[in-house]
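Hi everyone, thanks for coming. Please have a look at the picture I'm putting up, and then we'll walk through it together.

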Amino acid sequence: VPGAGELVVFCAAMAGASLGFLWFNSFPATVFMGDTGSLALGGGIGLTAVATRSEFALLVAGGVFVTEAASVILQRRFFKMTGGRRLFRCAPLHHHFQFGEMHEAKVTVRFWIVTVLLALFSLALFKLR
């Protein structure tokens with residue numbers, strides 16, 4: 001996209017800050033990012049997708065995040081429609097797996113693997129466009 005060269009600096013700053021956070025906050029976590037940091041990162045990624053006209057690629061690459069949000073929506077709707085029954089043990093989806101006796105670190109690494117695969121698939125889709 002013409003004129004989007006400045007986004008490289010912005011994306012590099014976001015990537016560097018995220019890598020620094022992850023490097024110094026590896027398992028077991030000592031500092032949690034919270035809503036303020038995660039919403040800012042999500043907003044920055046969304047802004048970059050809109051500026052580069054790659055919203056669909058972001059939807060695919062962020063499949064884990066979309067699934068996490070969808071699990072909360074589905075859980076609430078199912079709970080209301082069935083009068084108190086639950087679709088998942090707990091929402092969002094990663095808690096469902098944790099309550100199923102899967103360790104938090106295992107859930108996290110598996111979500112990373114799925115995210116990498118979705119990101120590669122998204123890059124392939126974006127290149128075909």
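Let's start with I45, which is in contact with M14 and L58, leaving aside its neighbours within four places in sequence. Contact here means heavy atoms within 4.5 Å. I45 also sits 8.1 Å from C11, C-alpha to C-alpha, though 34 residues separate I45 and C11 in sequence. Is I45 buried or exposed? I45 is partly exposed, because its relative accessible area is 40%. On this scale, buried means under 20% relative accessible area, exposed over 50%, and partly exposed in between, with a 1.4 Å probe and protein chains only.

Before going on, a word on where this comes from. This is a predicted model, in which local features need pLDDT of at least 70 and side-chain atom pairs count only at pLDDT 80 or more, while totals for chains, interfaces and linings use all residues. Residues are numbered from 1 along each chain as its sequence is written, and side-chain values use heavy atoms, with hydrogens and water left out.

Back to I45: its home is helix α2, residues 34–51. Helices (H or I, at least four residues) and strands (E, at least two) are DSSP runs, numbered from the N terminus. Helix α2 has 18 residues, and from its first C-alpha to its last it reaches 26 Å, close to the 26 Å expected at 1.5 Å a residue. That expected span is 1.5 Å times one less than the number of residues.

Which residues of α2 are buried? They are G44, T48 and A49. Seen down the axis of α2, the buried residues fall within an arc of 135°, so they line one face of the helix. The arc is taken from the directions from the helix axis to the C-beta atoms. What covers those buried residues includes α1 (6–24) and α3 (55–61). Turn to the other side of α2, and you find D35, T36, L39, L47 and V50 exposed.

Now follow the chain out of α2 into the loop towards α3. R53 lies in that loop between α2 and α3. Its phi is near 55°, which is a positive value in a residue other than glycine. R53 counts as exposed because its relative accessibility is 51%. S54 is found in the loop between α2 and α3 as well, but S54 is buried, with a relative accessible area of 11%. Not counting residues up to four places away in sequence, S54 touches A49 and F126.

On the other end of α2, F32 has its place in the loop between α1 and α2. F32 is exposed, at 67% relative accessibility. From F32 to F21 is 9.6 Å, C-alpha to C-alpha, with their positions 11 residues apart in sequence.

Next stop is helix α6, residues 104–128, where we find S122. S122 is buried, since its relative accessible area is 6%. Which residues does S122 contact, leaving aside its neighbours within four places in sequence? They are A57, L58, V60 and A61. You may remember L58, because I45 is in contact with L58 too.

Helix α6 is also where V116 sits. V116 is partly exposed, at 48% relative accessibility. V116 belongs to a nonpolar surface patch with V109, W112, I113, L117, L120 and L123, and together they have about 720 Å² of accessible area. Patches are made of residues with over 30% relative accessible area and no salt bridge, where like charges are joined within 9 Å and nonpolar side chains (Val, Leu, Ile, Met, Phe, Trp, Tyr) within 5 Å. A salt bridge is a side-chain nitrogen of Lys or Arg within 4 Å of a carboxyl oxygen of Asp or Glu. The areas come from the Shrake-Rupley method with a 1.4 Å probe, and for residues only the protein chains shown count as cover.

Two loop details to look up on your own screen. A cis peptide bond joins A91 and P92, with omega about 5°, and P92 is in the loop between α4 (63–82) and α5 (93–99). E101, in the loop between α5 and α6, has a positive phi of about 70° although it is not a glycine.

Finally, the whole chain. How many helices and strands does the chain have? There are 6 helices and 0 strands. Buried residues make up 17% of its 129 residues. The chain exposes about 9500 Å², and carbon and sulfur atoms supply 72% of that.
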